[in-house]
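Visitor: Please take a close look at a single part of this model and describe its surroundings. I should then like to see how the rest of the chain is arranged.

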Amino acid sequence: MRILMATMGLDIGGAETHIVELAKELKSQGHDVIIISNGGVYVPEVAAAGIRHYQAPLHQRSLLAMSRAWKILRRVIRLERPDIVHAHARIPAFLCGTLHRRMRFAFVTSCHGVYQVGGALKLLSNWGEHTLAVSDDIRDYLMEQYGVPPERITLTINGIDTEKFSPGLSGADIRQEFALGGAPVIGHVSRLDQAASYTARQLIALAPRLAQRVPGVRVLIIGGGDVYSELAAQAKRVNQSIGQECLILTGPRTDVNRIIAACGLFVGVSRAALEAMAACKPVVLSGAQGHTGLFTPQLLDKAVDTNFCCRTDPLAAEDQLLEELLAALALPPERRAELGAFGRQTVRELYSVSHMAQDCLSVYEKVRRKRYRVVMSGYYGFANAGDDAILESIQQAIQAVSDDVSVTVLSNDPELTQKQYGLEAIPRFRVLRVFSALRRSDALLSGGGSLLQDTTSTRSLLYYLSVIRCAQWLNKPVMLYANGVGPVRKPINRRRVKKVVERATLVTLRDHSSARELAEMGIGRSVQVTADPVFHLMPAGAEKSLALLSSAGIPQGRPFVAASVREWPNTEGFWEELARLCDHLRRVHGLELLFLLMQPERDRAATARVRGLMEEPSYVLDLPTTPRELMGALGQAKLCLAMRLHTLIFAARMAVPAMGLVYDPKVASYLEELDLPAAGQVEAFDGAEAIRRADALMADYDAVLARLRDKSAQLTQAACENERLLLELLEQTRH
């Protein structure tokens, strides 16, 4: 592979060393590696390894510098044509992310630490198609603060070259260079900038007391940064007050392995601490994010959890750090050797550089395998459980049959869609963004759901037809994916639908009534009736489902009806008659009533109206829930009373006998498809007739349940055809 790594700079630092070691290991395995950064002391080392380096001001947040860096990045990517772009810091990741949308390269990031969250800084964060996190707590931070889905995060390590950092090095040349003689030496490696210099400042402040308690002690501080000059001047004053050169600030060095070899004790965190451990040095874990203390086997799990950064522990007070250092320096030789050996064993088992490289390569392969890019158009991002279930089920079904397909969703709320489902999402009404996504895609999926209808509005129909026409104008294959078609009442709209459908590459429909609707429009092309994608969706587990029912107040063990209603015009008298049916189901059949909110903002008022008219008690599940959770809760019901179509489909998926409240022909047609009864038309609802039909269903309950189970199994199998046909279509685009 040709791998382009983008980072802020290559000066001394844990993340920087991680990148250098990773790049060298990948190069040694035969990959072509390029680095773009602002440069630094490690550039000669990577160049000597045969790694090309380009310079760009990726370390500055100013608009001018970022604009210059963006142009250089774009030029380098066009020149090098990398298989993978791997960004290692916030600014490089943000800039690469903007180019990724335009240039279609495979894009991954690494998160080496936690960043400030909020405001414009959060907008400057892009975590790519997949993210490598160097510790468990950083993975949790990505999920909690940025909503990165767990399936898009891979844990990795700070890989250490145990040949380079080895107890075999004597450190004699360093002792000679700095005239250390036989003095005890404490080492510390860190970037010396405002955020990372906490421990260096403490060591400088503690030097007089250290020198008093340990005659001849030396403290070597390695690293450069924004506050280096300030700290060097402070160290000089402290040395003068002590009367000897206790503190030695070396500035940035690339021979850190030789310097560590000259030390008897190391204090620091993260990668620097692991390097010292590889060299068999006792290590006091203390840094700018916390203090854990002298590393021992008892602290292994805690240290690993934070990548040896001490983030779960409080900062060290000066007195605390002093006592810890004095105790470590006073350890008997056999205990020092024992701790050193354990540290090296830990690094070799958990933090090898080859292990780190393999983590990256597995992620690279996962991202590169996305050979096909599809755009999905539907009623997504409106907090509607039915349509969200379609989206989630299509996503799961595609992932189950192939790792080669990436999906971009046209969403009303892209941030919510991306957070919930881990899919790339763009605003559905941003014309240029939609056009760009279609231009870069291999195909458009329109659906599922009832998109081609004018009952809701002609404007809605025109939107979906316009997206399809745009894809067709760009010569992109269009798949009408498990669509429910109709009703389309206006003649001009029927002509519009006919024209678009006849030009579609592939048409699958969720029910036979949709096929009849197309035939009545005079469309003679072949279509395939499959099933609604929701038949793929796995419900939440029984434990979660029962917990939701308990939170709604349903008495444990009581059978219940799961009901869903929605606002609809011309329904005077309907609500009173529906309340009468609900009361009857409880009084005569002993069924509690639980109302589900499929689209809470639109269903809450209608639900409250019915409950207010009922004489019997009822319950409502009014908590933030996912489609899978709603499906799981509904699956515990004895009966379903469904005004929303996807409540009916959820019930069929879970094999719960249902009655439909028909507000739209699509509900009636789906009841026919499932061989289930309608309670009645909502615009002319007869409560007495609805009660009669409910009694008939309950009297024949076992037979209805058996038929529904068979039908549900058939539809689940039929739903698999959608993905098989999609993959066939995508394969044809490559020939």
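Guide: Two residues are in contact when heavy atoms lie within 4.5 Å. The model is predicted, so local features need pLDDT of at least 70 and side-chain atom pairs count only at pLDDT 80 or more, while totals for chains, interfaces and linings use all residues. Residues are numbered from 1 along each chain as its sequence is written, and side-chain values use heavy atoms, with hydrogens and water left out.

The part chosen is helix α21, which spans residues 512-520; helices (H or I, at least four residues) and strands (E, at least two) are DSSP runs numbered from the N terminus. Its buried residues (under 20% relative accessible area, 1.4 Å probe, protein chains only) are Ser513, Ser514, Ala515, Glu517 and Leu518. These buried residues pack against three strands, β18 (478-483), β19 (506-509) and β20 (528-529), and against two helices, α20 (491-503) and α27 (665-674). Just after α21, Gly522 adopts a positive phi of about 90°.

Met479, which falls within the β18 range of 478-483, is also touched by Leu729. Leu729 belongs to helix α29 (residues 701-733) and is buried, with a relative accessible area of 6%. Leaving aside residues up to four places away in sequence, Leu729 touches Pro477 and Thr505 as well as Met479. From Arg2, Leu729 is separated by 727 residues in sequence and by 30 Å in space, C-alpha to C-alpha.

Another pair of helices can be described by its geometry. Helix α8 (residues 198-213) packs with helix α9 (residues 228-242) at an angle of about 5°, and their axes are 10 Å apart. Helix α8 is therefore roughly parallel to α9, a term for angles under 35 degrees. From α8, the contact involves Ala200, Arg201, Ile204, Ala207, Pro208 and Ala211, and from α9 it involves Glu230, Leu231, Gln234, Ala235, Val238 and Ile242.

As for the whole protein chain, it has 29 helices and 26 strands, and its C-alpha atoms fill a box of roughly 100 × 55 × 40 Å along the principal axes. Of its 735 residues, 59% count as buried. Among contacts between residues at least 6 apart in sequence, 71% join residues at least 24 apart.

How values were computed:
Buried means under 20% relative accessible area, exposed over 50%, partly exposed in between (1.4 Å probe, protein chains only). Axes are lines fitted to C-alpha atoms, for helices over the stretch in contact, and angles run from 0 to 180 degrees between N-to-C directions. Angles under 35 degrees count as roughly parallel, over 145 as roughly antiparallel, 65 to 115 as roughly perpendicular and the rest as oblique.
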